[in-house]
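Subject: A structure for you to look at

Hi there,

Here is the structure I promised to pass on to you. Have a look around it first, and then read my notes below.

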Amino acid sequence: MSQVLHPIEQKILRALLEKQNVTPDDLSEMTQLSIDQVRRGIEWLKFKDLVQINESEKSFIKLGEGGRTALEKGLPERQLVNYLKSIPVSSCEMNQAKEHLKNEFSPAIANAKKNKWIEIYENRILLKGYHDATAEERIIKLIASKDPVAITTDDIEDKEALDLLKKRPKFLNFTSTKYSTVNITEKGIGAAQNAAQTTDDSVTRAIDVEAPVPMAFVAKSHPLADVIDEVREIFVSLGFSELVGNSTQSSFWNFDALFIPQDHPAREMQDTFYLKDTSAKSIAKPKQINQVSKIHKDGWHSDWKLDAAKKMVLRTHTTCVTIKELADKQYEEARLFSIGRVYRNEKVSYKHLVEFNQVEGVVVGKNVTLRDLMGLQMEFYRKMGIKKAKFWPTFFPYTEPSLQSMIYNERLGKWVELFGMGIFRPEVTKPLGIKHPVLAWGGGIERIAMLKYGLDDVRELYNNKFSWLRSVPKCQ
Amino acid sequence: MPVVTLYFNRITKLLGRKVSKEKIISTLPFLGLDIEEEASDHINVEYSPNRPDFSTDYGIVSGLQGLLGIKLGISPLKIKKGVDVIRADPSVGKVRPFIVAIKALNGKMDDETIRQIIAMQEDLHNGIGRRRKKVSVGIHDLDKIKFPLVYKAAERTHRFTPLGSQDEMSVSEILDKTETGQAYKSLLEGNTRVPVILDSTGNTISFPPIINSKLTEVTSKSKNLLVEITATDRNAAEDTLAVIAQTLQNAGFKLSSIRILGSRNSTPILDSRKMLLDPTLVNGILGLNIVPSVMVKSLRKNRLDAKIKGKQILCTIPRYRTDIFGPIDLVEEVALGYGIENLSPTIPQARSAGQKNHVTIALEAAKSTMIGLGYMEVMNFGLVGKQTQYDLTKRDSSNIIYVADSKSQEHQILRDALLPGLIDTLSRNIHESYPQKIFEIGTVFHKGNPIDEEIHLACISAHNDTSYTEIKSILQSFLKSGFDVACATKISQDPLFVEGRTADILVNGKKIGMIGELSPEVLGSFKMRVPTAGFEIKLTGLIFD
């Protein structure tokens, strides 16, 4: 199949078939295309090897001071001839001529002699022969006739005379410019002939399918939302059902139900966001409140205040939603997960946000074990494309035993901390009537997103920079 | 989390056996310690505040000795019965009622030992001591003190030379002028009199929970120490004393008890506890099938004592292990001694299929419809700044929900609408090419008890030819093709939008949102020059319940 040429390309090639070695300006004139269209067309054609571009240099000539005088008065030798013609007997003493011609006397004598216009005899100058216009004079006239446009050396045929003129001081001014000329290649000749035969603008209107085109912006979901969706799909595929709960929670479900003592540092205002002057009206069933209060008094040997449990917070984890569900529903067996925003009163930095997404999963069952919990992590990581993971002991107030998982990140070339996990403490489950062990694990989604998109600053996920949102590939 | 610095040469000496640096580094995580920073001669590790015994290198070495098999089981506290007395006067009853103390004798205090002990004291103050409110610790040069001591409340005019000062100061001056005085004076608010400890010659040795006296300052020449702990919680005081006593014994000191007299006070008993552990619980929780003798060995690796007693295991827990509440904590001790790396993961099979929440399913449909209409999703925070949410957008701010004590101006209030965030997003992208069409689906909050949380959709279009008509067309198509919902628009007013190009959005006669062209004043305050139109609707109750 022959190459399809853009109409601009076709016009340029046709023009080049007529005349070679032309400048873009010439082409613009020949094709009636704008200079920009011509330049673009030439680039395309060059890329396809249909034209060739030669860079050359051109000299432009204008008359200098001497040249302009010569134009007005004639060359020195012409002035001498005219002088001789104006005086009786057409001859004079050398000195007389010298006085008349002043500085131009020497060149006048030399050139007039060379032209055989004079003869010198015993210190007298005698006029002789024919005095036709010389080649040098014609060049001066030619240059003057084009003024103010400069003519090029190519425009002057008698190079010998030009050289002579060049030798006269300040007669000519030369300037030089680089320029390019375009030639059609052999391949180009073929393409131009082909195009002439096959294309008819009014019929096919073929276009250059190989030419570059601008980017279109894709409407798409947020990269962080994609990670959330991916995590959700994995949980569902592992047999987990999704819980959705509120961001605003009573301290009871966020802390007390999880056996976090009322004077625990995490409950202080510098770590947790409390809603100003807001207490929950009702927080839980009376029996739940009673039992939780009792375990706190026994376990922590301290007072337990209902008012503190009623204070409303922005949840610091999604576990508050999970534990309430488990307390209310009393499952014999369950696999549940939740994904949602959680809040910490931190200073925002490249590592920390005050608000981020957390995922959490729990498994309830009579015979579930710590090894099962580890196995579920490995399965989750495998589905996320993470191949290497290991476990270290750690501490969480509401799980025992507690572990943290470390995953190997290929890009960073090191182990990084990911999900924390454990089995809910009896101090958490028993007061709420939960009979079976509860495996629980969770962690921040942003951390996964940072690893996935290769970000070093977590804030970038919430900058909403269009340059990033528009360009980051949907699949990585 | 608190940090401890471990110098390898010290650790090696304390371990009592040659262990490679690599082995030490790779074992530390299995004590639950996070490696913060590694250098050629030292390593910084974070420990969890539930293990205050890890607040010095002595405690960490004791843990390492167990896991590395150098020393197993308890290293029991040996406390010689002393005769010296501290009497708690009833006057401290209302301020800070409890005191416990111990002597540590014949030790060597080099600079690093002093540094470790001071760091431990600070960690204990902040953790178990709840920033000195519950417990505070004073460590003194015992040889500067004449027994018996009295712990009593003194007037604020009481004078002595505090640590770090050359001159005598009154209690009031100390609270107002010294750094620790200013930091902790609030703990004594509401009490005209403050607690002090005086010795038999009348010298003040401590002003808890603020500062010690200069007289009893511990230096590298000190050989004998007095540790006194005052508290508002007796149990926490004894917990703290147990940790310090164990640490000082590990550091080579000989311990001697001090009798405590006075109302509600008594001499502390730092005996270990006994606890029975059922091996079936261990195997059930861990998913293992190991015999009791393996469990015993594992427990001993964690510096606990254990022996088989019938079908049970009898454990002995040293007093400083305040983190052990019941048998489940011993299960974890078995796991750590057995080795987490020796637990191979098992994958339990799911008995039922998983499913997404119905809210998620509805929101996914909303999102894909908006994307189909050519809008790009953005995500903003729910906890936002007042300026964007109300001031620049000229919105009604009478029902703001504030959080208390936020560290950042940009995160002070809960958003009640999404559009301000979207406008802000556009204003931060004015240098990017147009048209700009974005949407957000997210939670907004309204005052009430409980707080009313709703999910909204907001959408905004900015380009030279945008108009009310364009955005209404998007709204209408979103509702119709996404959810087969018909909507109407009824002219209204809102400072966010241009008058005459603003409407309420109605579905079945009920208002679900607002639509309009953004007012030039609002656009101006966000430095935007391109015409912009948008809408916001409540999805809760519309596309899901």
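Helix 3 of chain A runs over residues 35-47, which makes 13 residues. In this predicted model, the helix reaches 18 Å from its first C-alpha to its last, close to the 18 Å expected at 1.5 Å a residue.

Which residues of helix 3 of chain A are buried? They are A:Val38, A:Gly41, A:Ile42 and A:Leu45. These four lie on the same side of helix 3 of chain A because they cover an arc of only 105 degrees around the axis. Try turning the helix to its other side: there you will find A:Asp36, A:Glu43 and A:Phe47, which are exposed. Just after helix 3 of chain A comes A:Asp49, with a positive phi near 75 degrees.

Next, some strands of chain A. Strand 14 (residues 399-409) of chain A pairs with strand 15 (residues 414-424) of chain A in the antiparallel sense, over eight bridges. For one spot to find on screen, look at A:Thr399, which stands opposite A:Phe424 in strand 15. The hairpin formed by strand 14 and strand 15 of chain A has four residues between the strands, and in it A:Gly413 takes a positive phi near 65 degrees.

Strand 15 of chain A also pairs with strand 16 (residues 438-444) of chain A, again in the antiparallel sense, over four bridges. Here A:Gly422 has A:Ala440, in strand 16 of chain A, as its bridge partner. While you are looking at strands, one general point may help: in a regular strand the side chains alternate between the two faces of the sheet.

Now zoom out to the whole of chain A. It is divided into domain 1 (63-158) and domain 2 (223-471). The centres of domain 1 and domain 2 of chain A, taken over C-alpha atoms, are separated by 105 Å.

Finally, the two chains together. How many residues of chain B are in contact with chain A? There are 68, and they meet 72 residues of chain A. On chain B, at least two residues of the touching side come from each of helix 8 (279-286), helix 10 (327-338), helix 11 (358-372), strand 20 (376-377) and strand 23 (436-446). Helix 10 of chain B gives the largest share of that side, six residues. Sorted by class, the side of chain B that touches chain A holds 31 nonpolar, 24 polar and 13 charged residues.

Enjoy exploring!

Best wishes

Key: Residues numbered from 1 in each chain as written. Chains lettered and ligands numbered in written order. Predicted model: local features only at pLDDT ≥ 70, side-chain atom pairs only at ≥ 80, totals over all residues. Contact = placed C-beta atoms within 7 Å. Nonpolar A, V, L, I, M, F, W, Y, C, P; charged D, E, K, R; others polar. Pairing = 2+ DSSP bridges. Expected span 1.5 Å × (residues − 1). Buried ≥ 20, exposed ≤ 12 C-beta atoms within 10 Å, placed from the backbone. Arc of directions from axis to C-beta. Domains from an automatic or database assignment.
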